[in-house]
Amino acid sequence: MLQLIDLTKKYGDFTAVDNISLKVEDGEVFGLLGPNGAGKSTTVSMISTVLQPTQGEIIVNGKSLRQNPIDCKKVMGIVPQDLALYQSLSAKDNLEFFGSLYGLYGKELKNRVDEVLDIIQLTDKRDQDVCEFSGGMKRRVNIGAALMNNPKLLILDEPTVGIDPQSRNHILETVRRLNKEKGMTVIYTSHYMEEVEFLCKRVAIVDHGKLMALGTKEELKENLNACDTLTVSFNKASSAALSKINDLQGVEKTTLENNTISMLVSPTKRNVIDIVDDLKNLGIKLTSFRYDEVNLESIFLQMTGKSLRE
Ligand SMILES: Nc1ncnc2c1ncn2[C@@H]1O[C@H](COP(=O)(O)OP(=O)(O)O)[C@@H](O)[C@H]1O
Ligand SMILES: [Mg+2]
């Protein structure tokens with residue numbers, strides 16, 4: 001559905017998007033995950049033809065975006081990070097306006113507006129001016145605008161930043177539904193790993209414009225030999241015992257704070273139960289135990305040494 005080939009964008013000497021190549025298959029919800037400044041919006045802007053790539057190629061539905069921009073745009077709906085709405089128009093009038101840009105008119109346009117209002121669940125607020133809407137409702141109208149041409153590929157750029165939890169859940173559910181019921185391919189851009197983890201099977205992790213990792217969560221975990229985290233608390237342990245924890249088989253790294261030990265554990269090398277046994281055998285009396293399977297946030301942390309939200 002979408003292919004990026006060596007995609008690069010430079011602003012003067014600064015490279016915002018650095019040689020990114022990836023493929024998004026038909027019918028998938030694909031996550032583009034990266035911290036602020038990673039180059040996500042720049043990538044989306046090149047796909048929406050707002051920005052020209054410095055280098056590289058974008059293929060949409062089998063066609064070169066550079067050579068066939070009109071055909072490519074027909075199959076895409078793009079929800080930019082910044083709202084693009086007419087504040088003094090109603091939700092319905094905004095959607096009508098965007099629909100007319102896609103060449104819809106008359107009955108077809110009216111029907112599509114009704115359908116889209118239903119998808120974004122704003123039918124009851126259709127005649128209210130957008131300036132009276134909450135941030136989350138405005139965001140939903142923005143998504144509605146991108147849906148007016150019934151796109152095969154929907155690209156959302158950080159659609160849940162700064163909005164209320166209810167609208168956020170609504171947006172996540174809508175994306176799921178569009179994919180499941182209409183088979184829409186979705187690219188979901190975010191720096192919230194839990195959203196990407198919830199929605200997307202495959203993920204590209206970007207940082208400083210570079211593609212750092214690409215694959216399913218399981219693939220990323222395996223390729224990076226990413227670690228799960230075992231956290232134990234104890235009420236008694238000798239310093240000799242504590243000094244040996246680092247050397248336990250399967251334990252990659254430990255942090256000791258007061259009476260709590262946090263261990264990065266490689267699940268492919270050792271079963272966690274065996275590590276707990278080792279701790280007991282060292283004479284460490286455990287009072288609590290917690291095991292956190294690796295998530296995208298910790299994969300990112302282990303890969304770059306920094307948190308996604310910094
Ligand atoms: N017009 C511009 N001129 C110069 N640098 C820019 C411009 N737009 C974005 N950048 C820089 O490019 C990098 C990537 O930005 P952006 O694509 O907005 O990241 P993200 O969407 O992942 O937060 C950032 O370091 C940003 O400061
Ligand atoms: Mg951005």
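Select strand β11, residues 228-236, together with β14. The two pair in the antiparallel sense, over seven bridges. This is a predicted model, so read each stop as a prediction. Zoom in on Ser233: the residue opposite, in β14, is Ser288.

Now add β12 and β13 to the selection. You have an open sheet of four strands, ordered β12-β13-β11-β14, with antiparallel pairing. Strands of a sheet pair through backbone hydrogen bonds, so switch those on if your viewer draws them. Look at the edges: β12 (251-257) and β14 each have a single partner strand, so one side of each is left without a neighbour in the sheet. Sight across the strands to see the twist, which averages 20° from one strand to the next.

Next, select helix α10, residues 272-281. Helix α10 packs on the sheet and touches β11, β12, β13 (260-265) and β14. Its direction makes about 160° with that of β14.

Follow β14 (285-292) out of the sheet. Glu293 sits in the loop that leads from β14 to α11 (296-304). Is Glu293 buried or exposed? Glu293 is exposed, because just 11 other C-beta atoms lie within 10 Å, and the exposed class covers 12 or fewer. Draw a distance from Glu293 to Leu104: their C-alpha atoms are separated by 49 Å, with the two positions 189 residues apart along the chain.

Zoom out and colour by domain. Domain 1 spans 2-222 and domain 2 spans 227-293. Their C-alpha centres lie 43 Å apart.

Now for the interior. The largest nonpolar core has 78 residues. Which residues have the most contacts inside it? They are Ile155, Val186 and Tyr188. Helix α5 (residues 135-147) gives the largest share of this core, six residues. Both domain 1 and domain 2 contribute residues, so the core lies between them.

Stay on Tyr188 and show its surroundings. Beyond its close sequence neighbours, up to four places away, Tyr188 touches Val29, Gly31, Leu156, Val175, Val196, Leu199 and Cys200.

Last stop: Gly209, in the loop between β9 (202-207) and β10 (210-216). Gly209 counts as buried because 23 C-beta neighbours fall inside 10 Å; the cut-off is 20 or more. Select its contacts outside four places in sequence: Thr15, Ala16, Val17, Asp18, Ala38 and Gly39. Then draw one more distance, to Gly62. The C-alpha atoms of Gly209 and Gly62 are separated by 25 Å, and the two residues are 147 residues apart along the chain.

Note on methods: Residues are numbered from 1 along each chain as its sequence is written. Chains are lettered from A and ligands numbered from 1 in the order in which they are written. This is a predicted model: local features need pLDDT of at least 70, side-chain atom pairs count only at pLDDT 80 or more; totals for chains, interfaces and linings use all residues. A nonpolar core is a set of buried Ala, Val, Leu, Ile, Met, Phe, Trp, Tyr and Cys residues joined through C-beta atoms within 7 Å. Domain bounds come from an automatic or database domain assignment. Two residues are in contact if their C-beta atoms, placed from the backbone, lie within 7 Å. Two strands pair if DSSP finds at least two bridges between them. Axes are lines fitted to C-alpha atoms, for helices over the stretch in contact, and angles run from 0 to 180 degrees between N-to-C directions.
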